[in-house]
Each structure stands twice: as structure tokens, then as C-alpha cells.
Amino acid sequence: MEIFVNRLAAEKGAAVEFDKVLLVDNDGTVKVGAPYVEGAVVKATVLDDTCRGKKILVFKKKRRKGYQKLTGHRQDLTKLQINEIA
């Protein structure tokens, strides 16, 4: 499975582990953490570290004043491939 997350400080092809897991579903058996699930680790590989999200337009206007401003924003993302949930 491939997912996009906020930019990580990892190189392309690097292995990444996440130990703060909030919920684990094991064939219908659901474990919910309080705040995290004990002993759960997600192992992933970085596929691309220079992705960018969709452009979001920010439009500001003050009515009857002639003020209009349009700016855009693209979030930096990291593409991960989930290898294992243990």
C-alpha cells in the first residue's frame, strides 16, 4: 500500500519505522490505543521524498474596498510504501 505523508527527513529508498500507532486492525480484531497501541510498529520504505500536493488557492477579499488577493500553496509530501504492520 502506498500513502502520502507530510515531508520526512529521509532519503529515497530509506527504511522508516513509526512506533506511535493509534489503531491496529488484525482481521476484524481492532485494538485502539490510549493514546498509542503498545508494541505496534509500522515499517515503511520511502519511494519519493520530493512530492508536492495539489495546489490550494487562497482568495482574500474585502467587500466594497477594491481589495482582492489570490495566493496559492502546495504542501511538500513524502510517498511511502507500507511494508509491514507488526
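The legends below describe several close-up views of a predicted model.

Residues are numbered from 1 along each chain as its sequence is written, and side-chain values rest on heavy atoms, with hydrogens and water left out. Because the model is predicted, local features need pLDDT of at least 70 and side-chain atom pairs count only at pLDDT 80 or more, whereas totals for chains, interfaces and linings use all residues.

**View 1. The largest nonpolar core, with eleven residues.** A nonpolar core is a set of buried Ala, Val, Leu, Ile, Met, Phe, Trp, Tyr and Cys residues joined through side-chain atoms within 4.5 Å; buried means under 20% relative accessible area, exposed means over 50%, and partly exposed lies in between, with a 1.4 Å probe and protein chains only. The members of this core are A10, V16, V21, V24, V37, A40, V42, A44, V46, L80 and I82. The elements that give two or more residues to the core are β5 (42-52) and β8 (76-85), and β5 gives the most, with three residues. Strands, like helices, are DSSP runs numbered from the N terminus, a strand (E) having at least two residues and a helix (H or I) at least four. In soluble globular proteins, nonpolar side chains tend to be buried together. Around the core member V37, leaving out residues up to four places away in sequence, the residues touched are V21, L22, L23, V24, K31 and V32, where a contact means heavy atoms within 4.5 Å.

**View 2. The β3 and β4 hairpin and a nonpolar surface patch.** Strand β3 (residues 23-26) runs antiparallel to β4, and four bridges join the two; strands are said to pair if DSSP finds at least two bridges between them. L23 has V32 as its bridge partner in β4. The hairpin has two residues between its strands. V32, in strand β4 (residues 29-32), is exposed, with a relative accessible area of 62%. Together with L22, L23, V30 and Y36, V32 makes a nonpolar surface patch of about 500 Å². Such patches are made of residues with over 30% relative accessible area and no salt bridge, with nonpolar side chains (Val, Leu, Ile, Met, Phe, Trp, Tyr) joined within 5 Å and like charges within 9 Å, and the areas come from the Shrake-Rupley method with a 1.4 Å probe, only the protein chains shown counting as cover for residues.

**View 3. Strand β8 and its partners β1 and β5.** Strand β1 (residues 2-6) pairs with β8 in the antiparallel sense over five bridges, and here V5 stands opposite T78. Strand β5 also runs antiparallel to β8, joined by eight bridges, with L77 as the bridge partner of C51. In the segment before β1 lies M1, which is exposed at 68% relative accessibility. M1 and L80 are 79 residues apart in sequence, but their C-alpha atoms are 8.3 Å apart in space. Apart from neighbours within four places in sequence, M1 is in contact with L80, Q81 and I82.

**View 4. The three salt bridges.** A salt bridge is a side-chain nitrogen of Lys or Arg within 4 Å of a carboxyl oxygen of Asp or Glu. K79 forms one with E2, the closest N and O atoms being 3.5 Å apart; K79 lies in strand β8 and E2 in strand β1, so this pair ties together parts that are 77 residues apart in sequence. D76 forms a salt bridge with R7, the closest N and O atoms being 3.8 Å apart, and this pair links D76 in strand β8 with R7 in the loop between β1 and β2 (15-18), 69 residues apart. R52 forms a salt bridge with D76 as well, with 3.2 Å between the closest N and O atoms, linking strands β5 and β8 across 24 residues. R7, R52 and D76 are thus linked in a network of salt bridges.

**View 5. Backbone features in the loops.** A34 and P35 are joined by a cis peptide bond, with omega of about 0°, and P35 is placed in the loop between β4 and β5. D27, in the loop between β3 and β4, has a positive phi near 55° and is exposed at 78% relative accessibility. R64, in the loop between β6 (56-62) and β7 (67-73), has a positive phi near 65° and is exposed, with a relative accessible area of 71%. Most residues other than glycine have a negative phi, and most peptide bonds are trans.
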